[in-house]
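Student: Could you take me through one part of this model slowly? I'd like a close look at the second largest cavity, and then whatever connects to it.

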Amino acid sequence: MTVKRLLLAGGALLVGTSAASASGFQVNLNGQKNNGMGGVGVALTLDQAAMFYNPGALAMVRENGVQVGVNAAIARNAFVPESGGGQSSLRNTLVTPANFYAGFGPKEGKWKIGIGAYTPFGSELHYANNWEGRYSLTDINLRAIFAQVTASYAITPQLSVGAGLVMLAYGDVDLQRDVPLSAQSGAPTPHVTLNGKAKQSFGYNAGIYFKPSDQLAVGVSYRSQVDAKIEGGDVRLRDVVYSTGGNFTATQFSATLPLPATASAGIAVMPSEKLTISAEANLVFWNTYRTLDFTFSGNNGYGDRAATPTTPAVTGTPGLLGGSSSSSAKRYYQDALCFRLGAQYKVTDGLTVRAGGFFDQAAVKDGYVTPETPDADRIGLTAGASYEFGKRFGIDASFLFEDFLKRSQTQADLLNNGTTDRVAGTYKTTIAVPGVGLYVKF
């Protein structure tokens with residue numbers, strides 16, 4: 001009976017493999033124009049999405065505007081176990097990260113304020129029935145919505161600064177897996193579901209934008225860590241047999257997941273009025289994610305025993321999942337760098353085309369890969385276009401293709417790291433993300 005696998009695999013909370021254009025479980029699909037340029041943005045003033053990439057640049061976006069965008073992340077994930085056998089694939093899923101921004105300020109003024117909402121974390125994964133890692137994960141559905149209020153000020157015509165208050169406004173997770181526990185041959189496989197909502201929590205971002213000439217701009221920004229805390233999440237059990245029910249009495253769980261800080265620096269060059277080229281580096285401080293700790297509480301009565309003529313009634317020990325009231329899952333993430341390059345070219349007064357690419361380092365170390373985050377070094381290519389009608393209304397389109405390098409871990413790796421709650425084998429992931437956005441300027 002591998003109770004440890006049940007407990008330590010809990011790291012699927014609030015994470016997922018549809019982490020497009022970013023390492024670990026971070027998602028970087030927060031501006032449709034930026035998506036088409038490899039995700040660059042810290043040294044650009046493309047539109048109101050500047051408040052996400054660099055709030056210092058927002059004051060240099062001269063037009064006021066409102067914009068909305070949505071993406072369709074389509075992930076293909078395959079796994080081949082070290083022990084042999086066929087390839088396991090995910091059942092088809094579709095995740096739709098979205099964004100909304102509105103920026104306002106005087107036309108020739110020095111300041112600008114903005115509001116935004118976006119989904120930097122989100123995933124929905126459904127592994128094939130009876131796959132080798134079903135005791136670690138079968139399904140996960142994550143939703144997270146962030147809101148931001150931003151103020152930006154141009155100190156000089158070349159230099160501007162800004163900051164934003166960031167809030168995890170809404171988040172929930174539904175995590176499921178089978179339990180390798182059976183009291184008798186032919187008994188159904190127990191199944192556990194953890195479902196909970198994250199408490200609202202706050203962070204910030206800040207940035208500086210400097211444009212010394214019409215041909216050059218630079219920017220730096222920092223986005224703080226935000227902790228996602230779940231308290232009183234629901235524990236639901238199915239097909240737990242009577243003889244082992246005393247080990248599974250919990251009805252609630254609590255856990256905290258760090259959503260890491262990011263520092264970015266970028267440069268943009270404009271060789272002509274029509275062409276913009278930008279390069280950028282992002283450093284994500286994943287090393288704060290060392291372990292994921294769970295505590296369990298409540299009593300579902302599975303451990304209760306009625307009195308008999310020879311024994312008194314027994315009340316089961318509350319707050320147990322797999323015989324334990326808590327668990328700690330090793331993560332030991334490492335800081336990860338991402339390098340991005342993008343360009344846009346104004347073909348006509350109405351049409352602008354874009355292209356870009358990036359290389360993103362893995363945050364998960366060898367021997368620590370989990371089914372919900374089969375992280376790996378990845379390469380991405382992007383393309384996009386905008387068409388503007390009458391200088392006020394416009395539509396953005398973007399496409400991203402991301403190829404994760406094959407990621408393997410052996411049973412020996414898992415034994416050496418004390419991570420045998422995971423599965424030995426090779427993961428391979430690709431993600432395709434078309435996106436579309438609408439905007440109005442005034």
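Tutor: Sorted by class, the lining of the second largest cavity comes to four nonpolar, three polar and three charged residues. This is a predicted model, so read every number here as computed from predicted coordinates. The residues around that cavity are A59, V61, R62, N64, G105, P106, K107, G109, W111 and K112, and the space inside is about 50 Å³.

Two of those lining residues, W111 and K112, take us to strand β5, which covers residues 111-118. The strand has two faces: K112, G114, G116 and Y118 sit on the covered one, while W111, I113, I115 and A117 make up the uncovered one. So what does β5 pair with? One partner is strand β4 (residues 98-104), in the antiparallel sense over six bridges. Within that pairing, A102 has I115 of β5 as its bridge partner. The link from β4 to β5 is a hairpin of six residues. The other partner is strand β7 (residues 139-154), again antiparallel, this time over eight bridges. There, A117 stands opposite A147 of β7.

Now step back to the other spaces. How many cavities of 30 Å³ or more does the structure hold? There are six. The largest cavity holds about 390 Å³ of space. Its lining counts 34 residues, and those nearest the centre are Q26, N28, F52, R223 and T262. Elements that put two or more residues into this lining are α3 (50-53), β10 (201-213), β11 (216-223), β14 (262-269), β15 (275-284) and β18. Split by class, the lining of the largest cavity has 18 nonpolar, twelve polar and four charged residues.

Then there's the largest pocket, with about 1,200 Å³ of space. It is lined by 40 residues, and T45, L46, E63, T276 and Q344 are the closest to its centre. Two or more lining residues come from each of β1 (65-71), β10, β15, β18, β19 (351-360), β20 and β23 (425-441). Of these elements, β10 gives the most, with four residues. As for chemistry, the pocket lining has 15 nonpolar, twelve polar and 13 charged residues.

Strands β18 and β20, both on that pocket list, also lead to a couple of backbone oddities. Most residues other than glycine have a negative phi. Y332 goes the other way, with a positive phi near 50°. You'll find Y332 in the loop between β17 (326-330) and β18 (336-346). Is Y332 buried, exposed or partly exposed? Its relative accessible area is 25%, so Y332 counts as partly exposed. K391 is another non-glycine residue with a positive phi, about 65°. K391 lies in the loop between β20 (378-389) and β21 (393-404). With a relative accessible area of 61%, K391 is exposed.

One last stop is F79, in strand β2 (residues 74-81). F79 has a relative accessible area of 0%, so it is buried. How far apart are F79 and W131 in sequence and in space? They are separated by 52 residues along the chain, and their C-alpha atoms are 9.1 Å apart.

Notes
Residues are numbered from 1 along each chain as its sequence is written. This is a predicted model: local features need pLDDT of at least 70, side-chain atom pairs count only at pLDDT 80 or more; totals for chains, interfaces and linings use all residues. Side-chain values use heavy atoms; hydrogens and water are left out. Buried means under 20% relative accessible area, exposed over 50%, partly exposed in between (1.4 Å probe, protein chains only). Two strands pair if DSSP finds at least two bridges between them. On a 1 Å grid over the protein atoms alone, a cavity is a set of points where a 1.4 Å probe fits but cannot get out, and a pocket is an open set with protein on both sides within 12 Å along at least five of seven lines; lining residues have an atom within 4 Å of a point. Grid points are joined across faces, edges and corners, and a volume is the space filled by probe spheres set on the points. Ala, Val, Leu, Ile, Met, Phe, Trp, Tyr, Cys and Pro count as nonpolar, Asp, Glu, Lys and Arg as charged, and the others, Gly among them, as polar.
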